[in-house]
Amino acid sequence: MADFDKPALPGAGLFEAQADDRPDPAEVTAAGHRVAHLLVRGPRDHEDVDLVERVLHLADSEGLGVIAELWALASPDSLAGALWRLYVLRTWVHREPVRAAHEFAIGKTYAPVQEVLAGVVDPPGPEEVVRLVDIVVRGIVGEHLDITLDRAAAFAHIVGVGRGQCEDGDVLSGARLVETARDLRRAAELERAGTLQ
C-alpha cells in the first residue's frame, strides 16, 4: 500500500484573501436611510438631485422592491423602517386583494374607529382596498406623512384583527399585522413631533 501525505490545511491567510462580495449591512442600512430621506424629504443639493434621479431610474427599471430591500433591516421607528412597512403592506394587498378585502370586512366590525381612519368605502371590495393602499402610499411624498402613516396603521390594524377572527385565520400572522400597525402609528407620532429620522 502506498503512503499518502495528509492534505495541508489552509491557513487563516487564505480565507482573509478571499473577496467578500456581500455588502456591509451597516452600509446597506445607511444607504437605505439616505434614500428614504431623499424620496420623502426631497433633495437638498445638486448631488442629492442626481442621486434621486438614479434611484427613480432604478425603481423604473428594476422595480421598487430593489430599493425597498434597503429598508428591510431598518428600525420600525425610523423613516426607512416606516417605508419598509408601507411597501410590504402595499405589496401584499396587490398580491392578495380578495383576501385583504375579506379580512378588512371582518376586522372592521371589531375595530370601527380604525375603519374611519383607514378611509375604505363600504363595502370594501378588492379594488377599493387596492385603491386605498395605493392612495396611502402615494401620500408619502406629500406634506402630511403622519396622516399617511396613521391611515396605513389603521388599515393594518383592521386587517390584522380580521385575520385573527377568520375561521381559517392565522392568529400569529394577524398579531404581526397589529404589531405593524403599532409601528406605523408610532412612526406617525414621531413624524408629528419632527423626530422621525
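Let me start with Glu191, a charged residue that counts as buried because its relative accessibility is 16%, and buried here means under 20%. Keep in mind that this is a predicted model. Glu191 sits in helix H10, residues 171-193. What does Glu191 touch, leaving aside its neighbours within four places in sequence? The contacts are Arg41, Leu145, Asp146 and Leu196. Take Leu145 from that list. Glu191 and Leu145 are 46 residues apart in sequence, yet their C-alpha atoms are 7.2 Å apart in space.

Now the chain as a whole. The count is 10 helices and zero strands, so there is little to say about the order of elements: along the sequence the pattern reads α-α-α-α-α-α-α-α-α-α. Of the 197 residues in the chain, 41% are buried. If you take contacts between residues at least 6 apart in sequence, 64% of them join residues at least 24 apart.

Next, helix H2, residues 25-41. How far apart should the ends of H2 be, at 1.5 Å a residue? For 17 residues the expected span is 24 Å, and the end C-alpha atoms are 24 Å apart, which agrees. At the start of the helix, a side-chain oxygen of Asp24 comes within 3.1 Å of the backbone nitrogen of Ala26. After the helix comes Gly42, with a positive phi, near 95°. Which residues of H2 are buried? They are Gly32, Val35, Ala36, Leu38 and Val40.

Leu38 brings us to helix H3, residues 46-62, where Asp48 is found. Asp48 touches Leu38, and also Arg34 and Pro43, not counting residues up to four places away in sequence. Is Asp48 buried or exposed? Asp48 has a relative accessible area of 2%, so it is buried. Its side chain reaches the backbone nitrogen of Arg44 at 3.1 Å.

On to helices H5 and H6. H5 covers residues 79-95 and H6 covers residues 97-107; they pack with their axes 5 Å apart, at an angle of about 105°. Angles of 65 to 115 degrees count as roughly perpendicular, and H5 and H6 are therefore roughly perpendicular to each other. On the H5 side the contact is made by Trp92, Val93, His94 and Arg95, and on the H6 side by Pro97, Arg99, Ala100 and Glu103. Sorted by class, that contact has four nonpolar, one polar and three charged residues.

Last, Glu103, which lies in H6. Why does Glu103 count as buried? Its relative accessibility is 4%, and the cut-off for buried is under 20%. The side chain of Glu103 makes a polar contact of 2.8 Å with the side chain of Arg99, and both residues belong to the H5 and H6 contact just described. Setting aside residues up to four places away in sequence, Glu103 touches Trp92, Ile158, Val159, Gly162, Arg163 and Cys166. One of these, Trp92, is on the H5 side of the packing.

To recap the acidic side chains: Glu191 is buried at 16%, Glu103 at 4% and Asp48 at 2%. For Glu103 there is the side-chain contact with Arg99, and for Asp48 there is the backbone nitrogen of Arg44.

Methods:
Residues numbered from 1 in each chain as written. Predicted model: local features only at pLDDT ≥ 70, side-chain atom pairs only at ≥ 80, totals over all residues. Heavy atoms only, no water. Axes fitted to C-alpha atoms, helices over the stretch in contact; angles between N-to-C directions. Helix = DSSP H or I, 4+ residues; strand = E, 2+ residues; numbered from the N terminus. Parallel < 35°, antiparallel > 145°, perpendicular 65-115°, else oblique. Contact = heavy atoms within 4.5 Å. Expected span 1.5 Å × (residues − 1). Buried < 20%, exposed > 50% of the residue type's maximum accessible area, 1.4 Å probe, protein only. Polar contact = N/O pair within 3.5 Å; in protein donor to acceptor, adjacent residues only side chain to side chain.
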